[in-house]
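Here is a brief report on a protein and its ligand. It takes two individual residues before turning to the ligand shell.

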Amino acid sequence: MSGLSRIAVLGAGGFLGSHLVPALSRLPGTAIDAVDLSLHKLEFSSPHLERHVADITDAKRIEGVLERCDVVLSLTALCTPALYSTNPLSVIDANYTHLVPIVEYCAAHRKRLVHFSTCEVYGRLALDTTARSTELMHEDDTALFLGPVSRERWSYACAKQLLERLIWAHGQHKGLDFTIIRPFNVIGSRMDFLPGVDGEGVPRVLACFMNALLREQELLLVDGGLQKRSFISVEEFAEAIVRVVERPRDCRGEIINIGNPSNDVSIRALGEALSAEFERQVPRAARARFRAVSAEAFYGPGYDDSARRIPDITKAERLLDWRPKVSLSAMLPAIVADYVARYGTELMPHSLQARAARTG
Ligand code: UGA
């Protein structure tokens with residue numbers, strides 16, 4: 001890799017960060033500064049890894065880390081949809097306001113910025129520039145279609161979109177070397193938290209469903225669960241990001257979707273596949289039960305949703321020489337096994353734990 005020696009990973013203690021740091025550490029000649037409010041999920045150590053427990057708004061500490069780095073990966077976010085309509089002020093700050101100084105610092109000090117945005121910027125559904133509906137979401141052609149301001153669900157997408165526009169403008173007018181990543185429903189171990197165990201509130205759907213299975217509770221299908229998502233394994237996602245870091249010239253000034261269009265399934269189908277895998281690994285568990293709930297009952301007022309989100313990944317394939325291959329059914333056994341190992345002791349009845357340990 002040309003001249004790369006030090007990478008700052010802001011948000012290294014989150015789900016994506018905790019998978020990216022070990023993957024990036026495998027790059028020869030690379031040292032990493034891992035920064036987050038908490039680094040418990042980063043179950044990895046290396047002589048070339050330095051851990052910094054710090055707040056992104058602590059300008060002095062953060063600048064102290066950034067000044068010696070060549071590349072900055074910016075991952076900090078509030079990204080659980082339940083917060084978008086219940087705590088939009090914090091969501092806007094975390095996803096926009098607090099990140100403006102990072103973008104400005106990178107532009108002023110010639111640091112390469114790899115920023116993690118979201119597929120949610122595309123909004124409710126894929127529309128081309130003339131507002132005709134299309135199947136795939138494309139980085140440079142698809143319009144960004146958010147709902148009305150009163151639907152606070154879009155506070156997050158709007159903050160993320162504005163940050164993308166800020167980064168883009170710094171690239172066009174201030175010489176910032178940047179790449180923007182739009183992840184599409186990455187799933188894997190250590191995602192979010194389980195309510196009442198290592199966090200409070202409502203996590204994203206994978207953690208909601210695993211929480212329900214481990215506690216033998218109903219899996220709740222928001223508005224019936226017919227809405228769809230395209231899921232990609234976190235390991236394949238991390239591999240794509242390593243390639244982005246390795247290819248600064250090809251990725252400069254690009255927005256890149258990273259997802260798996262082949263794994264486009266309904267939320268109900270995700271729940272059924274997870275339950276089947278859970279029952280395989282924990283045979284004495286009670287059979288999974290599903291219940292449809294309204295979005296209003298589940299999230300409160302102001303929620304809204306994307307009906308379908310399928311990435312166009314031709315740009316990622318071309319620039320990164322990368323293509324995701326792992327099907328949803330192939331990624332679930334390791335994910336379920338990790339949740340059972342991590343949380344089973346606390347949440348599952350003893351009889352089930354013994355059985356899971358033998359079969360998992
Ligand atoms: C979220 C974030 O907002 C995105 O920024 C992020 O990119 C994306 O996750 C991701 O994981 O990549 P979303 O897909 O809507 O977006 O989040 P989830 O909480 O995982 O919800 C997926 C769907 O499942 C939604 O339609 C939701 O209503 C539904 N859901 C969620 C249920 O039916 N039951 C649940 O218990 C939880």
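## Two buried residues and a ligand shell

Asp-192 sits in the loop that runs between strand E7 (186-187) and H7. The model is a predicted one. Is Asp-192 buried or exposed? Asp-192 counts as buried, because its relative accessibility is 11% and the cut-off for buried is under 20%.

Which residues pack against Asp-192, leaving aside neighbours within four places in sequence? Phe-15, Lys-41 and Thr-80 are in contact with Asp-192. So are Pro-203, Arg-204 and Ala-207. Arg-204 also makes a polar contact: its backbone nitrogen lies 2.8 Å from a polar side-chain atom of Asp-192. Val-100 is another matter. Asp-192 and Val-100 are separated by 92 residues in sequence and by 25 Å in space, C-alpha to C-alpha.

Gln-227 is also in a loop, the one between E8 and strand E9 (228-230). Its relative accessibility is 13%, so Gln-227 counts as buried. A polar atom of the Gln-227 side chain lies 3.4 Å from the backbone nitrogen of Gly-225. Residues up to four places away in sequence are not counted in the contacts that follow. Gln-227 touches Val-222, Val-265, Ser-266 and Ile-267. It also touches Asp-305, Ser-306 and Ala-307.

Asp-305 leads on to the ligand. How many residues surround the ligand? The count is 27, and the closest are Tyr-84, Glu-120, Tyr-156, Arg-229 and Asp-305. By type, the shell holds 18 nonpolar, three polar and six charged residues. Which elements supply at least two shell residues each? They are helix H3 (81-86), helix H7 (205-214), strand E8 (219-222) and helix H11 (295-299).

Three polar atom pairs link protein and ligand oxygen atoms in the table below.

| Residue | Protein atom | Distance to a ligand oxygen atom |
|---|---|---|
| Tyr-303 | polar side-chain atom | 2.9 Å |
| Val-205 | backbone N or O atom | 3.0 Å |
| Tyr-299 | polar side-chain atom | 3.4 Å |

How much of the ligand's accessible area does the protein cover? On its own the ligand has 700 Å² of accessible area, and the protein covers 97% of it.

Note on methods: Residues numbered from 1 in each chain as written. Predicted model: local features only at pLDDT ≥ 70, side-chain atom pairs only at ≥ 80, totals over all residues. Heavy atoms only, no water. Near = heavy atom within 4 Å. Polar contact = N/O pair within 3.5 Å; in protein donor to acceptor, adjacent residues only side chain to side chain. Areas by Shrake-Rupley, 256 points an atom, 1.4 Å probe, with all protein chains shown as cover. Helix = DSSP H or I, 4+ residues; strand = E, 2+ residues; numbered from the N terminus. Nonpolar A, V, L, I, M, F, W, Y, C, P; charged D, E, K, R; others polar. Buried < 20%, exposed > 50% of the residue type's maximum accessible area, 1.4 Å probe, protein only. Contact = heavy atoms within 4.5 Å.
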